Amino acid sequence: MGESSKTLFVGLDVHKDTIAVAYAPNDRGADVVSLGTIGTRQCDIDKLTRRLESKGATLVFVYEAGPCGYWLYRYLARRGFSCSVVAPSLIPRKPGDRVKTDRRAAVTLARLLRSGDLMSIYVPSVADEAIRDLSRGREDAVGDLKRSKVRLKAFLLRQDIRYEGRANLTPSEYSSGAHRRPAARRHRADPRRNGDDYPMTSFMSGWADGLPTG
């Protein structure tokens, strides 16, 4: 078998500051080799690829999808390497195999990539991921607003204040400050709840400023 036909299947267990590395030769009888951990800087990745390329083999990479995103996939792809991203839930596991370390995860990925037992997932383009981030950010903001409304209404009800105004204010209604008047009257009536030193005062003001205005 010539040098040009050699392939190294490289498993990467990616974390915030470290990447555990292991590779498996295309000879299924050969053992999977762990290379320990490297950093996550681009220079660390370049050093790793040069080290593996020195073995005269084609490199094929794989790592699990996770909180670190797809930067590594895109960087390796720009360098001309083949790389796959797999979903953790789709990785075959032996019954009772619950002990997970970075080294074992990298070794498992390399071995399963060599045997063809991994199914890669779709990696979104930069534009697609930007739309996803925008959508998720909006959902988070809407959820925060709903939870804030629930907390505020519960507080007002405990003070026997029943807010009957609109939840979604028009610009003119918001600028008039009508949504603050019931609570403001109760604050003036009770000196213990006057001033910015009362925790709910600043909370209510911040919540009102975050109300939708259209």
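**View 1. Lys100 and its partner Asp13.** Lys100 is partly exposed in this predicted model, with 48% of relative accessible area. Here Lys100 forms a salt bridge with Asp13, and the closest N and O atoms sit 3.7 Å apart. The contact joins distant parts of the chain: Lys100 lies in the loop between β5 (82-86) and α3 (102-115), while Asp13 belongs to strand β1 (residues 7-14), 87 residues apart. Asp13 has a relative accessible area of just 4%, so it counts as buried, the cut-off being under 20%.

**View 2. Asp46 meets Arg79.** Zoom in on these two side chains and you'll find a salt bridge, 2.4 Å from N to O. Once again, distant parts of the chain are linked: Asp46 comes from helix α1 (residues 42-53), and Arg79 from the loop between α2 (71-78) and β5, with the two positions 33 residues apart. Asp46 is buried, at 17% relative accessible area. Arg79, at 35%, is partly exposed.

**View 3. Glu129 and Arg74, a helix-to-helix link.** Both partners sit in helices this time: Glu129 in α4 (residues 126-158) and Arg74 in α2, 55 residues apart in the chain. Their side chains meet in a salt bridge, 2.8 Å from N to O. Arg74 has 18% relative accessibility, so it counts as buried, since that label covers values under 20%.

**View 4. The whole set.** Step back from the close-ups and the model's count comes to 5 salt bridges. Among them are Lys100 with Asp13, Asp46 with Arg79, and Glu129 with Arg74.

Notes: Residues are numbered from 1 along each chain as its sequence is written. This is a predicted model: local features need pLDDT of at least 70, side-chain atom pairs count only at pLDDT 80 or more; totals for chains, interfaces and linings use all residues. Side-chain values use heavy atoms; hydrogens and water are left out. A salt bridge is a side-chain nitrogen of Lys or Arg within 4 Å of a carboxyl oxygen of Asp or Glu. Helices (H or I, at least four residues) and strands (E, at least two) are DSSP runs, numbered from the N terminus. Buried means under 20% relative accessible area, exposed over 50%, partly exposed in between (1.4 Å probe, protein chains only).
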